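Student: Could you take me on a close look at the central sheet and the core packed around it? I'd like the criteria spelled out as you go.

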Amino acid sequence: MVDDKVYWENFYAQAKMPFKPSLFSRFVRDNYLRRNDLLIELGCGNGRDAFYFAQNGINTTAVDQCEEEIKHLNEIKQQDNLRFECGDFTNLSDDRMFNAVYSRFTLHSIAEEQEDKVFKWASNVLSKSGYMCIEVRGMQNELYMKGKPVEGQENAFIYENHYRRFLDMVKTCKKLERNDLKVKLCVEKKGFSPFNGKDETFMRIIAQKEKNRFY
Ligand SMILES: C[S@@+](CC[C@H](N)C(=O)[O-])C[C@H]1O[C@@H](n2cnc3c(N)ncnc32)[C@H](O)[C@@H]1O
């Protein structure tokens with residue numbers, strides 16, 4: 001199995017990723033967040049969206065597995081309402097509460113078993129009416145089926161030495177709803193994240209926590 005942590009560590013060491021906030025972060029902020037909300041970002045990468053949220057008055061906790069990158073981000077950050085944590089987002093404790101869980105281009109990096117854990121965890125840490133915000137590669141994505149299938153995993157492939165699992169939209173929505181996360185928006189199309197002259201097809205899902213945690 002390809003070691004994806006090493007892949008990302010090397011990637012950030014080259015510092016080639018854009019620092020501009022993603023279109024998805026702007027969309028989420030404009031439509032689903034209010035000042036002083038508590039947001040956790042899963043797999044924050046170089047922190048571009050986390051900085052954007054914090055600069056716009058959102059209390060932001062951003063998690064990534066890449067130690068060096070997290071150390072660097074904590075050194076350069078200037079906002080009090082922003083913290084970077086090194087960790088595995090599929091294994092977070094549920095002793096904190098948030099108004100929003102934000103995951104951009106990270107669910108396709110993990111196996112379905114881990115995704116199940118993340119949805120359960122998200123449902124536990126979201127306060128009533130809080131949002132789970134996802135942008136991800138789905139089965140309409142142009143890279144779907146490219147590379148070598150991963151044995152024992154549905155819709156997962158190794159392509160150019162990198163693991164990707166392409167989400168099935170209907171299945172993912174059903175799974176969110178089983179976790180008390182009511183799907184408010186679910187779209188798979190082009191135009192969400194044009195990059196380097198390419199406009200691939202991606203999926204956005206916004207789901208809202210229906211009940212209080214302990215009911
Ligand atoms: C494609 S990048 C996306 C970065 C950022 N969300 C963005 O949109 O710019 C995926 C990130 O998820 C992180 N990641 C993948 N699996 C992880 C895990 N289990 N725990 C923590 N971080 C993880 C990687 O280290 C990488 O930084």
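Tutor: Happy to; here is the sheet, then what packs on it, and then some single residues.

A word on conventions: this is a predicted model, where local features need pLDDT of at least 70, side-chain atom pairs count only at pLDDT 80 or more, and totals for chains, interfaces and linings use all residues. Residues are numbered from 1 along each chain as its sequence is written, and side-chain values use heavy atoms, with hydrogens and water left out.

The chain has six helices and 10 strands (DSSP runs numbered from the N terminus, H or I of at least four residues for helices and E of at least two for strands). Seven of the strands form an open sheet with mixed pairing, in the order 3-2-1-4-5-10-9; two strands pair if DSSP finds at least two bridges between them. Strand 3 (82–86) and strand 9 are at the edges with a single partner strand each, so one side of each has no neighbour in the sheet. From one strand to the next, the twist averages 15 degrees (axes are lines fitted to C-alpha atoms, for helices over the stretch in contact, with angles from 0 to 180 degrees between N-to-C directions).

Within the sheet, strand 4 and strand 5 run parallel and are joined by six bridges. One pair to look for is Phe98 with its bridge partner Leu126 in strand 5. Helix 5 packs on the sheet and touches strand 1, strand 4, strand 5, strand 9 and strand 10, where a contact means heavy atoms within 4.5 Å. The direction of helix 5 makes about 145 degrees with that of strand 5. Helix 6 also packs on the sheet, against strand 5, strand 9 and strand 10, and its direction makes about 165 degrees with that of strand 9.

Now for the core. In soluble globular proteins, nonpolar side chains tend to be buried together. Here the largest nonpolar core has 26 residues, and Val101, Met132 and Leu176 have the most contacts inside it. Such a core is a set of buried Ala, Val, Leu, Ile, Met, Phe, Trp, Tyr and Cys residues joined through side-chain atoms within 4.5 Å; buried means under 20% relative accessible area, exposed over 50%, and partly exposed in between, with a 1.4 Å probe and protein chains only. At least two core residues come from each of strand 1 (38–42), strand 4 (98–104), helix 5 (112–125), strand 5 (126–136), helix 6 (169–178), strand 9 (181–189) and strand 10 (202–209). Helix 5 gives the largest share, five residues.

Met132 is a good residue to centre your view on. Leaving out residues up to four places away in sequence, Met132 touches Val101, Val118, Phe119, Ala122, Leu126, Leu176, Ile205, Ile206 and Ala207. Apart from this core lies another, of 13 residues, including Phe24, Val28, Tyr131 and Cys133.

That brings us to helix 2 (residues 23–32), where Phe24, Ser25, Val28 and Tyr32 are buried. Looking down the axis of helix 2, the buried residues fall within an arc of 100 degrees, so they line one face of the helix (the arc is that of the directions from the helix axis to the C-beta atoms). Their cover includes helix 3 (48–55), strand 4, strand 5, strand 9 and strand 10.

Two threonines are worth a click as well. Thr61 sits in strand 2 (residues 59–64) and counts as buried at 8% relative accessibility. With residues up to four places away in sequence not counted, Thr61 touches Leu39, Ile40, Glu41, Arg83, Glu85, Arg96 and Phe98. Thr201 belongs to the loop between strand 9 and strand 10, and is buried with a relative accessible area of 9%. By the same sequence cut-off, Thr201 touches Gln140, Asn141, Glu142, Glu188, Lys189 and Lys190.

Finally, zoom out to the whole chain. Buried residues make up 50% of the 215 residues. Of the contacts with a separation of 6 or more, 65% are between residues 24 or more positions apart. The C-alpha trace spans about 45 × 40 × 30 Å along its principal axes.
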